[in-house]
Amino acid sequence: MATHGFERNPGMDLDLAWVEAARVNMSAANRRAATHKARRSVKKDYQAAWLLRAVQCIDLTTLDGDDTPGNVKRLCFKAQTPVRQDLVEQLGVQHKNITCGAVCVYPSRVADAVRSLKEAGATDIPIASVAAGFPAGQTPMTQRLAEIREAVSLGASEIDIVITRTHVLNGNWQTLYDEVKAMREACGEAHLKTILATGHLGTLTNVFKASLVCMMAGADVIKTSTGKEGVNATFPVALIMLRAIREYYERTGYRIGFKPAGGIRAAKDALSWLALMKEELGDAWTRPNLFRIGASSLLGDIERQLFHHCTGRYAAAYQMPMS
């Protein structure tokens, strides 16, 4: 995840006074989230432009037990050409070189992704790998760190780790800080995305505190979910995480990225996420260096909406290349 002209978050000493002072007004957060979703969306040419931006922010993902080199190859070629070329030409953006933000795979498939992106002529697309005992995070720490190092050595430039939810639920903030800091060190030059698995954290206050601790430990991005929990990316949770990012930026001057993941399938949802980023953090956080959407099926619906924008009709499933 490129920094694009600003300094990468180096982390800081754990400030327990800051963490413990955190309080969240749940009713206000829920009200703000509800009103955001109810607002009118952008339309016509503006909508098409926003959808293309959403494409650039997608971490195109395959995290299934039956993943094969063939699946990963198809994913990589789709990430390199996410929108049908005829639609790109009708929209007049062929010079923009629109690609997905990254491809996201298991560590065992990183080498396949490296090979496939090279074959596609798209070596500038980052490879993200989940690691550290994904999705439960219940494996021993030595194994989790070894998995991170292995993924990086194979060619991953972004690592999506999962935190130990028990540390949050028990209020063991020092232990959580030490864990994430060790994972940041294991990443080396690869950027660290910390998955909070917010559906397991119990309260919005815990979400805010965990966000702060992970950023203090050096996380480059904080991420809502693994996509495997019962509750994944929701707007109330996202709002709390974005407020934590804003507070950290105001205090330290370092920009932290944000990644919602899990259950984001519709183009209209992508527009809502982009609007939330713009309203809460500003234009800088609507670009792929600071905002990613973890998704596997979202791209298909975005491409379908772009087809409708260009032709005035919706495409049948067989008219859309598989993602």
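Me: Helices here are DSSP runs (H or I) of at least four residues, numbered from the N terminus. In this predicted model, which residue follows helix 9?

Reply: The structure is a predicted model. Helix 9 covers residues 173-187, a run of 15 residues. The next residue has a positive phi, near 65°, and is G188.

Me: What distance does helix 9 reach from its first C-alpha to its last?

Reply: At 1.5 Å a residue, a span of 21 Å is expected for helix 9. The modelled helix is close to that expectation, and its reach from first C-alpha to last is 21 Å.

Me: Against which elements do the buried residues of helix 9 pack?

Reply: The buried residues of helix 9 include W173, L176, Y177 and C187. Two strands are among the elements they pack against, namely strand 4 (158-162) and strand 5 (191-195). The helices they pack against are helix 1 (16-20), helix 7 (141-154), helix 8 (165-169) and helix 10 (204-216).

Me: Is K44 buried or exposed?

Reply: K44 is found in helix 3 (residues 44-56) and has a positive phi near 55° although it is a residue other than glycine. Its relative accessibility is 68%, and the cut-off is over 50%. K44 therefore counts as exposed.

Me: Is A197 buried or exposed?

Reply: A197 is found in the loop between strand 5 and helix 10. It is not a glycine, yet its phi is positive, about 50°. Because its relative accessible area is 0%, where under 20% is required, A197 is buried.

Me: Where is P135 placed?

Reply: The peptide bond from F134 to P135 is cis, with omega near 0°. P135 itself is placed in the loop between strand 3 (127-131) and helix 7.

Me: Which strands stand at the edges of the open sheet of 8 strands?

Reply: The order of the sheet is 7-6-5-4-3-2-1-8, with parallel pairing. Each edge strand has a single partner, so one side of each is left without a neighbour in the sheet. These edge strands are strand 7 (257-259) and strand 8 (293-295).

Me: By what angle are neighbouring strands of this sheet turned against each other on average?

Reply: The sheet is open and its pairing is parallel. With direction ignored, the average turn between neighbouring strands is 25°.

Me: What angle does the direction of helix 6 make with that of strand 3?

Reply: Helix 6 (residues 110-120) packs on the sheet, touching strand 2 (102-105) and strand 3. Its direction makes an angle with that of strand 3 of about 175°.

Me: Which residue of strand 5 stands opposite E158?

Reply: Strand 4 and strand 5 run parallel and are joined by 5 bridges. Opposite E158 in strand 5 stands H191.

Notes. Residues are numbered from 1 along each chain as its sequence is written. This is a predicted model: local features need pLDDT of at least 70, side-chain atom pairs count only at pLDDT 80 or more; totals for chains, interfaces and linings use all residues. Side-chain values use heavy atoms; hydrogens and water are left out. The expected span of a helix is 1.5 Å times one less than its number of residues. Buried means under 20% relative accessible area, exposed over 50%, partly exposed in between (1.4 Å probe, protein chains only). Contact means heavy atoms within 4.5 Å. Two strands pair if DSSP finds at least two bridges between them. Axes are lines fitted to C-alpha atoms, for helices over the stretch in contact, and angles run from 0 to 180 degrees between N-to-C directions.
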